[in-house]
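Please open the model in your viewer and follow the stops below in order. Each stop says what to select and what is found there.

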Amino acid sequence: MERHNLLIMSDLVGSSEVRRLRKFANVYRSSELDEKTLADRLRQTDALLISLWPEFLTDEMLRSMKRLRFIQGILVGVDHIPFQTLGRKVVVCSNAGAYSLEVGEHAFGLLLSAAKRVVDTHNSVARGKTDFKEFRGTADDILVLRGKTLGVIGYGGIGAVVAGLGRSFGMKVIALSRSRRSASGSGRGVKIVRGRGALTSLLAGSDAVVLALPLTNLTEGMIGAKELSVAKGGAVLVNISRGDIVNQAALYEHLRRNPSFRYATDVWWYKEGRETLVTDYPFTSLPNFVGTPHISGPTAVASGRPVRMAVENTLRYLRGLRPKNVVKRSEYYRSIVL
């Protein structure tokens, strides 16, 4: 049986993982190859292990990779992969579950920061507001979580962590999921909803909402002016997924017109194919906006678990087993670099 040719396009994969992979494949690192050798290797490669999609791997070069059959991402999201250029036989796997704990905790941290007005009041003190009397009305806008309803949109690994944290705070939890496998959540005190009208119902009935679903052609812009208009006036919306799931213009207008509504995010909108902290609207000037610079994912990477899980799934492919977390290609249609 001919050995696989695996090309690693990430410096996150250490030497110990490379040794494990070499038991089942010829393994190369793109960073160690000159331009000509890399071009030759690409034409012989049938498997890729990547983090961000490399800029040098252009559509033209990708089309020359006739033997390519498998791509494993180290990131949980795969929206940066140019699906429209990949051959039909190429299987793409996400790294679902590798970031759940750290990203879920960060989501809840954002929720608490916004609900308790931590950033807003800190900034007021930092700007010289030192009289306690000036903060007397602040408590009226602080959201007490116990007994309130938490809506989780996307009940995968991250969503399940968020739901569990919500339950520990004494919140009622509703989760929107397309997967029938999520029905088990109801046994953990989570009400699973799906189908027509479920999104509107969840938004209208939740005091806090966390977005925890991938960016696809089905979810891009799913939270727009219509959806925001049905949300509770004093609700908190947390985005831990991708910025473009929320319509930027609609969100800014909603925050400006509804100062009691709060938005907290670790993810930002794409511009010219890349996620950027430069926005089209001055969100950071609003007291009801909280943003962190996409640090939840790197926190998980530091644990080493995402790399280990990606390597394990790659080994499944190399050994002839069916890999896990195969994505539905029809839901991805454009090339985006994080």
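**Stop 1: a cavity**

Select L203, V209, E227, L228, A231, A235, V236, L237 and F261, which line the second largest cavity (a set of points on a 1 Å grid over the protein atoms alone where a 1.4 Å probe fits but cannot get out; lining residues have an atom within 4 Å of a point). The model is predicted: local features need pLDDT of at least 70, side-chain atom pairs count only at pLDDT 80 or more, and totals for chains, interfaces and linings use all residues. Residues are numbered from 1 along each chain as its sequence is written, and side-chain values use heavy atoms, with hydrogens and water left out.

The volume of this second largest cavity is about 60 Å³ (the space filled by probe spheres set on the points, which are joined across faces, edges and corners).

**Stop 2: salt bridges**

The whole structure holds 13 salt bridges (a side-chain nitrogen of Lys or Arg within 4 Å of a carboxyl oxygen of Asp or Glu). Select D79 and R242, whose side chains form one of them at 3.3 Å, N to O. D79 is in the loop between strand 4 and strand 5, and R242 in the loop between strand 10 and helix 9, so the pair ties together parts 163 residues apart in sequence (helices, H or I of at least four residues, and strands, E of at least two, are DSSP runs numbered from the N terminus). D79 is buried at 5% relative accessible area (buried is under 20%, exposed over 50%, partly exposed in between; 1.4 Å probe, protein chains only). R242 is also buried, at 9%.

Next, select E253 and R256, which meet in a salt bridge of 2.6 Å, N to O. Both lie in helix 9, three residues apart.

Technical notes:
On a 1 Å grid over the protein atoms alone, a cavity is a set of points where a 1.4 Å probe fits but cannot get out, and a pocket is an open set with protein on both sides within 12 Å along at least five of seven lines; lining residues have an atom within 4 Å of a point.
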